[in-house]
Amino acid sequence: MSTLDWLVLLGSLTFIVLYGTWKSRGSKNVESYLKGDQQLKWWMIGVSIMATQASAVTFLSTPGQAIEDGMRFVQFYFGLPLAMVIISVTILPIYYRLKVYTAYEYLETRFDLKTRTLAAILFLILRGLSAGITLFAPSLVLSTLLGWNIFFTTLLIGILVIVYTVSGGSQAVSITQRYQMTVILSGMALAGIMAFTLLPGDISFLDSVRVAGELGKLNMVTTDFQWSDRYNIWSGLLASTFLFLSYFGTDQSQVARYLGGKSLTESRMGLIFNGLLKIPMQFLILFIGVLVFVFYLFNQPPVFHNQVLLTQAKQAQTGQEINLLENEFSKAYEEKQTAVLRLVKGIHESNRAVIGTAKKQYFESKLKEDRIKKRTRDAIAMAMPGAKTQDRDYIFLNFVLHYLPHGVIGLILAVMFSAAMSSMSSELSALASTTTVDVYKRIVKADATATNYLVSSKWFTVLWALLAMGFAMLASFAENLIQFVNIVGSLFYGTILGIFLVAFYIKRVKSNAVFWAAIVAESVVLGCYFYFYEEIAFLYYNIIGCGVVVLLSAVFQTLSRTNEGI
Amino acid sequence: MSPEKPPLFQSWKTWYKLVLAVMLMQVVVYFLITKYFS
């Protein structure tokens, strides 16, 4: 990190925090604090929705996902446009008509207090855990790669978010997200351009795409169906639609974004904006990962991308073994590079025989590399018991720190911090709204003054921020961060969505039936996670949870003797 | 559906069709890229 990097990083973060705090200083009543002034135009809503969903995990983990697994992760987002349309048609007009602060208020109108409270509590658990991961991901990776203490990184992000979120509420979140998104998009675009310019001079853009394609990294649409396969066109179009319906339609961190719109029209257009741009954005982030993959075909990557952990392990008893593994890895890489050069030659000559031989040689040397990497991880685990030996989340940032010029490094770090802050601020604002409106105001203290609710909301924001920071400092278990975020979401979203679907579409079902159906559904989903984790891909939890709520609530209602419940 | 008129088009249905068409077009293009380069 040079002085220039520090200037870019601190300059952009300080500007965003101070501007957001200053611009939203007029938020003086509880309504504007929780909902903003409801003056947002469609593009502001769209940006805010995208910034909320795209956390630092997206930018740290997704390029690494493309490098290891190809671009098939893009299929995860295929259900998003469909979800945007369904929400625009059905859910959004209801929220507007009822003038709700939170999505869960509607459930009391339709069912009763206990169903509203159940959904709110499921949301608080889910979003509270997710806020911890949102903060933990960049804290861990940045602190490791930069040699900072993880407590310092966590505190830095946490405090910056607290400053403007507590001060300006929902309005500050929306204002800062515009600038955070500008930093994020410009930084990632620059990283993609830099990754391409660092390739050897005789490798054209099309060459790099064809090499990536021949080596299986452009697997954007996979049609084979398996329950255990996480990303294919079927899980993307079906299971993801359920996940996104729940996330955008019932998760307060997103509902609050579009309820801040100037009108129903602006909110609808904001959702449409997201539906049009989300898949291309994810495509570009994954494609940056593919370019980094091609870069590492011509430049030797480290045997383990978490260099700090590698260095620490070398200093321990297994140091000698790791040095030997590094030598073996260099030899395997040389073989692989020979195969890649042959592949490029075959592509230039359009010679399928040469391409076929080169690919065979590549995958043989890749297998050797993978075995050496596995032995390295084992050696590190032996030297440092409990250390996180999965290095996929470090690949992209390690590339940035070692190969990109100063100034750009500072900008990419600002991307990570901005993304973490934009997601976390939305999450904290939503957690505070739900705690204030659905728990404190409805159950604990119904007759307090507006000032009391405003002050309470601010304190709840601080409380949730502190809890998220606590989770972040404790969390160190995720195999891959972006997947873990989605797994946590899938554990609860199906049930929450099921409750809302029954509320919207099955008018004959009453409160007791849906309440107990939701309890059973959540138990079934948790059972799937603990007992069938390998057999059923997590995206299907959304369908299972939702399906069980819908079916059982209808059955319970039919079985009940009166319309009042079972 | 709300009586509010959308910008640019006469009805919201056109916007929804556009969103779904763009999504389907991307799926097809990505499928073709996958097949062509593999």
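The exercises below, each with a worked solution, concern a predicted model with chains A and B.

**Exercise 1. The contact between the chains**

Determine how many residues each chain gives to the contact, and which helices of chain A supply the side that touches chain B.

Solution. Begin with the totals: the contact draws on 25 residues of chain A and 20 residues of chain B. Turning next to the side of chain A that touches chain B, one finds that α5 (79-98), α9 (205-214) and α12 (264-298) each supply at least two residues. The largest share of that side is the 8 residues that come from α12(A). Finally, sorting the residues of this side by character gives 17 nonpolar, 5 polar and 3 charged.

**Exercise 2. The partner chain**

Describe the secondary structure, the extent and the burial of chain B, and then examine the backbone at Leu8(B).

Solution. The secondary structure of chain B consists of 1 helix and 0 strands. Its C-alpha trace spans about 50 × 15 × 5 Å along the principal axes, and of the 38 residues in the chain 18% count as buried. Leu8(B) is placed in the segment before α1 (12-37) of chain B, and its phi is near 75°, which is a positive value in a residue other than glycine. Because 9 other C-beta atoms lie within 10 Å, Leu8(B) is exposed.

**Exercise 3. A positive phi in chain A**

Locate Lys99(A) and decide whether this residue is buried or exposed.

Solution. The first step is to place Lys99(A), which belongs to the loop between α5 and α6 (105-110) of chain A. The second step is the backbone: phi of Lys99(A) is near 50°, a positive value although the residue is not glycine. For the last step the neighbours are counted, and since a residue with 12 or fewer other C-beta atoms within 10 Å is exposed, the 9 found around Lys99(A) make it exposed.

**Exercise 4. Three helix pairs**

For the pairs α14(A) with α15(A), α9(A) with α14(A), and α11(A) with α17(A), give the crossing angle and classify the arrangement.

Solution. Two packed helices are described by the angle between their axes and the distance between the axes, and each pair can be treated in that way.

Step one takes α14 (residues 319-349) and α15 (residues 352-383) of chain A, whose axes come within 8 Å and cross at roughly 160°. Angles over 145 degrees count as roughly antiparallel, and α14(A) and α15(A) are therefore roughly antiparallel to each other. The crossing in which α14(A) passes α15(A) is left-handed, and the residues of their contact comprise 15 nonpolar, 4 polar and 12 charged.

Step two takes α9(A) and α14(A), which pack at an angle of about 115° with their axes 10 Å apart, and this makes α9(A) roughly perpendicular to α14(A). Here α9(A) passes α14(A) in a right-handed crossing. On the side of α9(A) the contact is made by Asp207(A), Arg210(A), Val211(A) and Glu214(A), and on the side of α14(A) by Val340(A), Leu343(A), Val344(A) and Ile347(A). By character these residues divide into 5 nonpolar, no polar and 3 charged.

Step three takes α11 (residues 252-259) and α17 (residues 408-444) of chain A, whose axes come within 8 Å and cross at roughly 95°, so that α11(A) is roughly perpendicular to α17(A). In α11(A) the participants are Gln252(A), Ser253(A), Ala256(A) and Arg257(A), and these meet residues of α17(A) including Ser426(A), Glu427(A) and Thr434(A). The contact of α11(A) with α17(A) is made up of 2 nonpolar, 6 polar and 2 charged residues.

**Exercise 5. The surroundings of Ala191(A)**

Establish which helix holds Ala191(A), whether the residue is buried or exposed, and which residues it is in contact with beyond its sequence neighbours.

Solution. Ala191(A) lies in helix α8 (residues 150-197) of chain A. The cut-off for burial is 20 or more other C-beta atoms within 10 Å, and with 24 such neighbours Ala191(A) counts as buried. Once neighbours within four places in sequence are left aside, the contacts of Ala191(A) are Ile288(A), Val400(A), Leu404(A) and Ile412(A). Asp378(A) stands 187 residues from Ala191(A) along the chain, and their C-alpha atoms are separated by 32 Å.

**Exercise 6. The span of α20(A)**

Compare the span of α20(A) with the expected value, and name some of its buried residues.

Solution. Helix α20 (residues 511-531) of chain A has 21 residues, and the distance from its first C-alpha to its last is 30 Å, close to the 30 Å expected at 1.5 Å a residue. Among the buried residues of α20(A) are Phe515(A), Ala518(A), Glu522(A), Val525(A) and Cys528(A).

Technical notes. Residues are numbered from 1 along each chain as its sequence is written. Chains are lettered from A and ligands numbered from 1 in the order in which they are written. This is a predicted model: local features need pLDDT of at least 70, side-chain atom pairs count only at pLDDT 80 or more; totals for chains, interfaces and linings use all residues. Two residues are in contact if their C-beta atoms, placed from the backbone, lie within 7 Å. Helices (H or I, at least four residues) and strands (E, at least two) are DSSP runs, numbered from the N terminus. Ala, Val, Leu, Ile, Met, Phe, Trp, Tyr, Cys and Pro count as nonpolar, Asp, Glu, Lys and Arg as charged, and the others, Gly among them, as polar. The expected span of a helix is 1.5 Å times one less than its number of residues. Axes are lines fitted to C-alpha atoms, for helices over the stretch in contact, and angles run from 0 to 180 degrees between N-to-C directions. Angles under 35 degrees count as roughly parallel, over 145 as roughly antiparallel, 65 to 115 as roughly perpendicular and the rest as oblique. A crossing is left-handed if the near helix is turned anticlockwise from the far one by less than a right angle, and right-handed if clockwise.
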